[in-house]
Every structure is written in C-alpha cells, then in structure tokens.
Amino acid sequence: MTPLLEMRSVSKQFGGLSAVTDLDIHVDEGECLGLIGPNGAGKTTAFSILMGELEPSSGSVHFRGGDITGLPTHRRVQLGIARTYQIPRPFGDMSVLDNVRVGAMPDSVMRLLIPDRATESEWNFLQTVGFTAREASMLPGQLSMGELRKLELARNLATGPRIMLLDEVFAGLTVAEIGQLTELLLQRKRDGMTYMVVSHDLKSLRPLVDRVVAISFGSAIAQGSFDAVLENPQVREAYLGQD
Amino acid sequence: MIPYRQLAGWAVFGGVMCLLPLVLPPGILRMVIFANFLAIFALSWDFISGRTGYVSFGHPFLIAIGAYSTAILSFRFDWPLIISIPSAVLITVISGLFFFVPALRIRGTYFALVTLAFMELAYQLTQVLRPDITGGTRGISGITSIVSGAVPNFYLSFSILFVAALLLWFLARTRMGTALAAVRMDEGAVTASGLSTIRLKLFAFGVSALVAGIGGAFYVHYLGSIAPRAMFDINFLFQILVAALIGGSTTIAGPIIGAFFLTFLLEYLRPFIDGPERFLIFGSVALIVYVLKPNGIYSILESGYGLALARFRRFRPEGGPAK
Amino acid sequence: MLNLLIQGLALSGLYALIAVGFTMIFSVGRVLNLAYGTYIMLGGYVYFTIVQEQGLPKVAGFAGALIAGGLFAVIVYEFLVRRLEGNPKAVSISTLILAVAMQALIVLIYRPTSKSMWPVINGVFRYEEIFVTYNVIVATVTSWVALGGLLILVRYTQFGRAVRAVSMDRKGAVISGIDPERMNRATWMISGALGALAGVFFATYTQLFPSMWVWPLIIAVAVVVVGGIGSIIGSLIVAHIIGFMEVVTTTYIAAELRGVFTMLLIIIVLVMAPKGLFGRGDI
Ligand SMILES: Nc1ncnc2c1ncn2[C@@H]1O[C@H](COP(=O)(O)OP(=O)(O)O)[C@@H](O)[C@H]1O
Ligand SMILES: [Mg+2]
C-alpha cells in the first residue's frame with residue numbers, strides 16, 4: 001500500500017546547523033502517527049517541509065505516491081494536508097468565526113466575490129470543536145491557549161483535510177481540554193482521518209497513536225508501537241540526556 | 001441580511017453631496033472637487049496599504065501613470081478622451097501589477113521603500129526620457145477638459161468618488177475583503193488555509209491601481225496640466241497618506257472623511273499661512289491623531305455614535321435592533 | 001581620471017557618514033527612521049544660521065548643528081517612535097509624516113528659496129593636474145574620523161557592548177542590568193548628531209533647500225538595504241558603489257540621471273536579494 005504522506009531521505013540545513021538529517025517518515029491512510037523527540041529534534045521542521053513552508057535541502061515529499069516536493073503550500077492544503085502550529089497563529093483582528101471561515105474559503109477570486117455571510121457548514125466546524133455562539137464572536141486575544149488550539153483545529157477542519165499534522169497539540173491545555181480533544185480526534189479518526197501528532201505529553205499521546213517515530217538530532221532513532229519505542233534505550237537516553 | 005443602515009448612510013451621503021452646488025459658492029466647490037479626488041486617491045491607497053498591509057509610498061507613481069497616459073494620448077496623439085481615458089486606466093492596472101512584483105518577495109517596510117524608490121525613479125526618468133512626449137520637467141499643459149465650470153466638474157468628480165467608494169465598500173463586504181484582511185494579519189496562516197496569497201495580493205493591487213488610474217486620468221483632465229514635480233512628490237504622497245490615516249484606515253468612510261477634513265483644514269489655514277508651510281500644522285495634527293487615535297476620526301465618530309445610541313437605548317430599553 | 005577617483009572617494013566618504021547614523025538606529029531597534037533625512041537638513045540650516053547669518057565662529061556652528069540634531073533625534077524617539085514600538089509600519093509612516101512637517105517648518109522659517117552655503121574652508125588644493133577644494137578634503141577627513149570613532153565606540157567600549165547586547169537580545173540585556181531605554185536614547189542622540197554633522201558638509205555640496213532631506217534619506221536607505229543590515233563593512237562598500245556610480249554617471253552620461261542607478265540598485269537588490277549583498281539580516 002502506498003503511504004498517504006511520506007518524506008524520503010529529507011535533510012534540512014539552516015546555515016551550518018543540520019535540523020533534519022536523512023529522515024524518512026511515512027503515514028498510511030487512516031493511521032495516527034506520533035512524532036516524539038526532545039526539543040530541537042527537528043519535529044516542527046519536518047512538518048514545515050511536509051507542508052512546503054520550508055524547502056528541503058535534499059530529499060522529497062510524496063502524497064499518495066505522487067511527488068509534491070516543489071508544490072506550494074496552499075496547493076498542498078487543497079490536496080488535503082493541513083497543519084496546526086506549535087504557537088497558534090490566529091488572525092488577530094478577526095472573530096473566531098471569521099478565522100475559521102478563512103479556512104473554508106475557495107481559492108478562486110471569482111468565488112470569493114460574494115457577500116460575506118457565514119454558512120451553516122462554517123458554523124458546524126466551530127461547533128465540532130466545541131465553540132459556543134458567544135465565543136464565535138470573540139477575538140483571538142480573548143481566548144485561552146486551549147481555545148486557540150481548538151480554533152486552529154477548526155480552521156484546519158474547514159479546509160477539508162485528509163491528513164492533519166498537529167504540532168504540540170496538548171501544550172498549554174487543561175486536563176479536561178486534553179480529554180475533550182482526544183475524544184474529538186479519535187472520533188474523526190473513526191471517520192477516516194489520518195494524523196501526524198507531535199507532543200511532549202507522552203501520556204496524552206498514548207491513547208491516540210497507532211505507531212510512533214522517535215527523532216533525535218534530526219534523525220529517526222526508533223519506530224514501532226508506542227510502548228516499544230519508549231522501551232528503546234536510545235530513546236530513553238535522548239530524553240534523559242535532555243532533561 | 002441587507003445592511004439597511006449602511007445603505008441609508010450611502011444614500012444620505014450621496015443626497016447631501018448632490019445638493020452642495022445649490023448652497024456653496026464656486027470657490028468652495030472647487031475645494032470640494034479637490035477633496036473628491038483626494039478621497040479617491042486615499043481610498044485607493046488604503047485598499048492595499050490599510051486592508052492588505054502592504055504600505056505603498058509610491059502611490060503618486062500609479063496616479064501619475066494614469067494621468068500621464070491619458071494626457072499624452074489625448075494631447076500628443078489626439079486620441080478622443082473616450083478612448084484615451086480607458087486606455088490610461090488599463091495601462092495603470094498593468095503597471096500596477098508590475099509595480100507590485102516586489103510584494104511577491106518582500107513585505108512590510110521594505111516594500112514601502114521599494115515603492116518610494118520607484119516613485120523617485122519615475123520622477124527622474126520622466127524628466128530625461130523622451131521629453132518631447134512627456135514634456136520633460138515642464139510637463140504638459142493645455143490638456144482637454146471633459147466638462148467646464150465648477151458645478152459640472154463637481155458632479156463628475158463626485159460620481160467617480162461615489163462609484164469607487166461603493167465598489168470598494170462592496171469588495172470589503174465580500175469574502176474577498178475578509179481574505180485580504182487575513183493577508184494583513186498573517187500571510188503564512190492564509191497560505192496554510194489553502195489560499196494563494198499571490199492571487200489575493202495581485203487582485204488587491206489590481207483594484208487599487210484601477211481606482212488610482214481612474215482618479216489620476218480624470219484628475220489631469222480637470223487640472224488641464226501636469227508636471228513631474230507636482231505628481232511624483234512626497235507632499236502629494238503625504239496628503240494621500242494623511243487623509244487615509246486621519247480619517248481612519250481600513251474603512252471606506254475614513255479616507256473620505258480624512259480627505260474632506262484635510263482639504264478644508266488647509267483652506268481655512270490659508271488666511272494665516274498660505275504656502276506649503278501649512279503642512280506643518282497639518283502634519284502635526286496628523287501625528288497627534290495617529291499616535292493618540294490610530295484608527296482616526298472615523299473611530300471617534302463611531303464611538304460618539306455608539307455613546308449616543310447607548311443613551312438613546314437607555315431611555316427605550318426595548319428599542320434597537322437585536323444583535 | 002585621478003580627479004574622478006578623488007571626487008568619488010570624497011562623495012563616498014560623505015555618503016558613508018550619512019548612512020551610518022541611519023544604520024545604527026536600524027540595527028539596534030530594527031526601526032526604519034524616515035525622519036533621518038531631516039537631521040541632515042537640520043544640521044545644514046543650523047550651521048548656516050549660526051555661521052552665515054549670525055557671523056559666529058565655525059566651531060559654534062558645528063556645535064549647534066550637532067546639538068540640534070542629537071536633541072531632535074531624542075525627541076523623535078521619546079514622543080513618536082517609543083509610543084509606536086512594535087509596529088514598524090506605523091513607525092515608518094509617522095516618521096515620513098514628521099519629515100514632511102519638518103520640511104514645512106523650514107519653509108516657514110527660511111522661505112522656500114534655496115540658500116547658498118559657503119564652503120567650510122575656502123581654497124583649492126592644487127598639485128599638477130589635481131584640483132581638490134579644501135572643503136572636500138575636510139569633509140572626507142571628517143567623515144572618516146567620525147566613522148572610525150564610531151567603530152571604536154561600538155566595538156571597544158562598554159557602551160558599545162551594551163548597545164550590541166540590546167540589539168541582539170533585548171531581554172537578555174535587561175537581565176544583565178542594561179537599561180535598554182537609556183541605550184536607545186543614547187543611540188538616537190548619536191545618530192542625530194552624526195546626521196547633522198553629515199548635513200553640514202552635504203549642504204556645502206548641494207546648497208540648502210527645504211526638500212534637501214529626501215536624497216540623503218534615499219542614500220541612507222540604499223546603503224543599509226543593499227549593504228545588508230548591521231554589516232558595517234557592507235555599508236562602507238555600498239557607500240562607495242553608490243558614490244562612484246554617481247560621479248561616473250555625472251561625468252560620462254548625464255547629471256540628471258545621477259540618482260537613477262542608485263534607485264535601480266535599491267529596487268533590484270531588494271527584490272532579488274532581500275537580505276542585502278553582504279547582509280545577514282532578517283526581513
Ligand atoms: N528558521 C530557522 N532558522 C534557523 N534554525 C532553525 C529554524 N527553525 C528551526 N531551527 C533549528 O532547527 C532545529 C530543529 O528545530 P525544530 O524543528 O523547531 O525542533 P522541534 O520542533 O523538534 O523542537 C533547532 O535546533 C532549531 O533551533
Ligand atoms: Mg517544535
């Protein structure tokens with residue numbers, strides 16, 4: 001089976017620094033892949049390369065087997081790849097609802113030239129992640145970190161993704177919010193959504209993932225089931241060496 | 001959901017303006033004509049600089065392209081205005097797209113600087129390249145006017161302003177308006193929402209250039225003459241900027257209010273100081289307003305209106321439209 | 001030919017001096033101060049008033065110009081730039097508005113007509129075919145002395161280390177006990193004084209007129225942008241590229257096209273290599 005999304009022997013240098021070295025990652029349709037590794041391991045960089053926000057120094061990216069290495073980011077989103085950011089990036093002067101609606105907009109000048117009115121489906125994206133009508137008119141500045149992450153998730157869902165890359169999804173969330181989010185993600189997964197999830201919160205990651213890849217200094221050092229990877233002595237050392 | 005209140009605002013604005021020639025003497029009417037043109041330019045500027053966040057310091061360049069094109073076509077080549085003006089507008093839109101090519105690579109202050117350099121470049125080039133066509137440093141005078149007299153010119157300039165403002169108002173209320181505002185806030189996040197920022201920006205630049213071109217073309221036929229120093233001028237840029245900022249950026253009413261405020265302020269300063277030194281007072285007012293009230297007069301009026309409305313509602317608690 | 005070389009070197013030295021004050025502000029606070037050209041104008045007019053109108057000694061003229069430039073720069077920082085901190089677009093728009101307002105002030109005081117500025121030192125140095133006015137020699141030497149002094153100040157003094165610390169990592173600097181506000185004020189003051197100093201000599205080249213601030217501002221912008229942010233050597237090289245380009249164009253092509261190549265250089269470099277030719281800066 002061809003993987004849904006895949007990076008093949010990707011390297012990325014920032015000046016002299018090698019952020020990612022000869023990294024292979026793939027995720028199959030319907031799978032949830034966890035990406036773990038200490039700070040600075042290159043997880044966020046890997047996401048940015050998959051999205052086309054960073055150009056790899058070498059290597060290639062494939063979607064359903066097709067090479068998309070040179071494809072601009074918005075075209076990848078249209079193919080069905082979406083990501084959230086480690087530090088959420090809402091549109092600051094726009095209501096929560098409008099933020100989400102930007103995700104739902106068609107990429108065509110003609111089809112954008114219609115009066116700006118929220119549709120039922122746009123409201124649904126908000127409700128799916130648990131926003132109330134009152135919260136919909138708030139500005140991002142008034143939201144907590146948990147709500148900002150929900151906002152990004154809703155904006156992602158509005159783009160109609162096949163696969164979502166979630167960067168540090170649980171960071172800054174309360175225990176209750178983590179529970180709700182896990183529930184939401186699992187439900188979407190049953191509907192066929194594919195994920196790549198980065199998280200430092202291993203306990204919360206565990207019920208979500210089918211398979212885990214551990215990265216250290218830009219290279220994969222172990223992969224397999226969650227428990228197997230955490231048992232791996234190299235992984236333990238990478239984490240312990242850091243903390 | 002039709003925005004009745006705003007449509008009513010437009011109707012009142014149009015109605016009052018149409019009655020002006022009945023009450024104003026021609027001298028003051030000429031000021032209003034200038035204010036109309038300034039408002040068009042400020043709206044054009046604000047559409048990219050305010051809404052999209054690509055601050056243009058070279059807007060006079062675009063306006064001048066429109067003005068020079070129709071001036072040259074009609075004066076040197078005897079084209080009828082009905083062809084020369086649309087051609088000039090088309091030329092402006094095309095140059096606008098080139099003018100904004102840098103925006104595909106750079107943003108923020110750097111973009112502003114490139115546009116400023118463009119304007120200075122154009123200023124120097126018009127003086128030396130083909131002065132037989134552009135009229136060199138002295139420019140061109142004796143350009144055909146479309147209508148004559150203050151009243152017809154007032155109606156002409158106001159119609160252009162009214163149509164341009166309505167067009168931009170409509171655009172701001174479409175999904176496109178929201179998308180362009182998103183470009184200002186975080187371009188990366190717009191891309192990550194699946195939209196091509198290049199296409200959005202080109203659209204915004206095209207619209208801004210369109211309005212600038214129309215304004216510039218009609219303006220030159222109203223003035224009857226054109227010279228490089230009057231066009232590619234920092235003082236001209238200054239008036240456009242200040243009109244938009246003082247009035248209230250990213251709104252439609254703001255730049256119009258700003259242009260009128262500015263024109264009349266300058267005019268009423270004339271008895272006291274009559275040269276370019278008026279810009280001193282005017283620049284100081286602009287800076288104070290900008291630092292204290294970054295959203296301009298419009299926001300002051302709006303909060304005043306909000307207060308009045310709140311007081312009104314206190315007397316009639318059940319009144320007012322439901323939110 | 002030799003004359004051309006000397007002219008080029010002299011003009012380039014002056015341009016480097018014009019640019020350096022602008023670069024300082026830019027590399028410390030990432031602020032594009034479009035009112036920078038007015039320091040230059042202010043320097044020229046203040047010197048003119050003191051020396052030519054009041055007949056006071058030239059030293060007093062220079063002192064007045066430097067003080068006026070430095071003071072004005074600090075005022076701009078305190079009342080405008082600091083209040084708009086964190087909003088670079090607002091800073092560039094408002095400093096541009098300020099510059100035009102200052103131009104109006106000059107018109108109000110000195111009338112719009114241009115004023116002729118005497119050379120700082122009269123006379124011409126002559127050796128075989130070489131003609132150089134003493135004014136050019138003084139201007140060039142002053143430029144290099146000022147530049148050297150600044151380099152020493154930034155590289156080798158406590159103050160310089162503190163300024164560099166603030167420019168690299170503001171929070172870190174605060175933690176190590178540096179008051180970034182004081183550093184900023186000091187940098188703005190030095191920038192204003194340098195601009196005014198350059199302005200005195202610039203005015204002896206171009207005369208005094210109310211819109212004289214535009215061209216030096218463009219030079220400063222070009223040097224910073226083309227040279228790359230915070231690269232002193234880059235700035236020096238670009239000042240020379242621009243200076244020589246201008247002298248060569250004036251001599252061999254046409255005086256009116258003087259600025260065209262500089263403008264083209266800005267546009268091309270900003271579009272092709274936004275980090276500048278020698279730069280390491282970020283956009
Ligand atoms: N834009 C950038 N420029 C230079 N270095 C970067 C950039 N982005 C990331 N890095 C460096 O690359 C390495 C990997 O970073 P990142 O992918 O963010 O790690 P992670 O997400 O695993 O914590 C780090 O050393 C980081 O400092
Ligand atoms: Mg990360």
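Here's a quick tour of a ligand shell, a chain interface and a helix pair in a predicted model.

Residues are numbered from 1 along each chain as its sequence is written, while chains are lettered from A and ligands numbered from 1 in the order in which they are written. Since the model is predicted, local features need pLDDT of at least 70 and side-chain atom pairs count only at pLDDT 80 or more, though totals for chains, interfaces and linings use all residues.

Start with ligand 1. Its surroundings include A:Phe14, A:Leu17, A:Lys43 and A:Thr44 (near means a C-beta atom, placed from the backbone, within 6 Å). At least two shell residues each come from β2 (17-27) and α1 (43-51) of chain A, and α1(A) gives the most, three. Helices (H or I, at least four residues) and strands (E, at least two) are DSSP runs, numbered from the N terminus.

Next, the interface: 23 residues of chain B are in contact with 27 residues of chain A, contact being C-beta atoms, placed from the backbone, within 7 Å. On the chain B side, α8 (175-185), α9 (187-191) and α10 (197-223) give two or more residues each, with the largest share, eight residues, from α8(B).

Within chain B, the axes of α3 (59-75) and α5 (108-128) come within 8 Å and cross at roughly 40 degrees. That makes the pair oblique (not under 35, over 145 or 65 to 115 degrees). Axes are lines fitted to C-alpha atoms over the stretch in contact, with angles from 0 to 180 degrees between N-to-C directions. B:Pro60, B:Phe61 and B:Ala64 meet B:Phe118, B:Met119 and B:Ala122 there.

Here are the classes:

| Region | Nonpolar | Polar | Charged |
|---|---|---|---|
| Shell around ligand 1 | four residues | six residues | one residue |
| Side of chain B that touches chain A | eleven residues | eight residues | four residues |
| Contact of α3(B) with α5(B) | six residues | no residues | no residues |

Ala, Val, Leu, Ile, Met, Phe, Trp, Tyr, Cys and Pro count as nonpolar, Asp, Glu, Lys and Arg as charged, and the others, Gly among them, as polar.

Note on methods. Two residues are in contact if their C-beta atoms, placed from the backbone, lie within 7 Å.
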